[in-house]
Amino acid sequence: FKSVTDAPILTDPVVTLPNAVAEYEIAHIRFDATSTTPVVLFHSLYGISSIHHCVAYQRGTGDGFKFEYIASASVYDNFTFNADYVTPVKGASRTGVGFNFIQGYGGGLPVFERNSARGFLTGFVIDGAAGGLVDDYSPLIFHNEASTVYNGFIITEEVNKARVCHNYLEGEIGRAHV
């Protein structure tokens with residue numbers, strides 16, 4: 001799917017209660033956008049939902065994948081890159097986040113496994129609920145890659161009980177903020 005507007009190619013409806021939506025399985029799709037918005041935006045990924053084996057190419061300044069609420073869902077075997085992924089100059093002038101996970105409500109146990117982010121300012125942002133710790137968040141961040149990015153992983157202090165293991169941050173640019 002290719003975007004012709006400055007809007008996400010795939011998004012779900014905004015709901016008052018994030019766990020009141022249906023469960024999704026998104027698989028085997030290539031998304032191609034030139035935008036200031038995320039290529040794929042989910043307001044709620046709940047229950048046994050999953051996004052897997054997808055590619056998001058961002059030609060603009062926006063994010064690749066963005067999730068505003070995720071509970072007990074899995075995001076695995078995905079690849080996102082932007083136009084800077086082949087640029088040898090690596091620095092803070094890069095834009096966007098490859099995988100942007102913002103936990104806007106209480107919930108937990110999401111799995112982020114075998115995803116690759118290339119060319120963005122930040123490969124992965126794992127953020128907790130605004131206003132305090134989410135005691136049951138406990139994300140598993142396993143076997144992901146951040147390549148040709150300025151920041152590899154940013155995990156905010158609101159994230160509680162994160163399990164981060166066996167991830168690959170490439171070269172001198174693969175910084176992690178935890």
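## Cysteines, salt bridges and two odd histidines

Cys54 comes out buried, at 1% relative accessibility. Keep in mind that this is a predicted model.

**Exercise 1. Work out how many disulfides there are, and sort Cys54 and Cys165 by exposure.**

Step 1: Take Cys54, whose relative accessibility of 1% falls under the 20% cut-off, so this residue is buried.
Step 2: Now Cys165, which sits at 30% and therefore counts as partly exposed.
Step 3: Look for cysteine sulfur atoms within 2.5 Å of each other. The count of disulfides is zero.

**Exercise 2. Find the salt-bridge partners of Arg114, and say which parts of the chain the pair with Asp77 ties together.**

Step 1: Start with Asp77, whose side chain meets that of Arg114 in a salt bridge, N to O at 2.6 Å.
Step 2: Place the two residues. Asp77 is in the loop between β10 (74-76) and β11 (79-82), while Arg114 is in the loop between β13 (111-113) and β14 (116-118), so their pairing links parts 37 residues apart in sequence.
Step 3: Check exposure. Asp77 is partly exposed at 22%, and Arg114 is partly exposed at 36%.
Step 4: Go back to Arg114 and pick up Glu113, its partner in another salt bridge with an N to O distance of 2.9 Å.

**Exercise 3. Describe the salt bridge between Arg118 and Glu145, then place it in the overall tally.**

Step 1: Get the distance: the side chains of Arg118 and Glu145 meet at 3.1 Å, N to O.
Step 2: Locate the ends. Arg118 belongs to strand β14 and Glu145 to strand β17 (residues 145-147), so this pair ties together parts that lie 27 residues apart in sequence.
Step 3: Compare the values with the 20% cut-off: Arg118 is partly exposed at 26%, whereas Glu145, at 17%, is buried.
Step 4: Add the network, in which salt bridges with shared partners join Arg30, Asp32 and Arg59.
Step 5: Close the tally: the structure holds five salt bridges.

**Exercise 4. What is the sign of phi at His53 and His166, and where do these residues lie?**

Step 1: Recall the background: most residues other than glycine have a negative phi.
Step 2: Read off the angles. His53 has a positive phi of about 55 degrees, and His166 has a positive phi near 55 degrees.
Step 3: Find the loops. His53 lies between β6 (50-52) and β7 (55-58); His166 lies between β19 (163-165) and β20 (168-169).
Step 4: Finish with exposure. His53 is partly exposed at 36%, but His166 is exposed at 60%.

Methods:
Residues are numbered from 1 along each chain as its sequence is written. This is a predicted model: local features need pLDDT of at least 70, side-chain atom pairs count only at pLDDT 80 or more; totals for chains, interfaces and linings use all residues. Side-chain values use heavy atoms; hydrogens and water are left out. A salt bridge is a side-chain nitrogen of Lys or Arg within 4 Å of a carboxyl oxygen of Asp or Glu. Helices (H or I, at least four residues) and strands (E, at least two) are DSSP runs, numbered from the N terminus. Buried means under 20% relative accessible area, exposed over 50%, partly exposed in between (1.4 Å probe, protein chains only).
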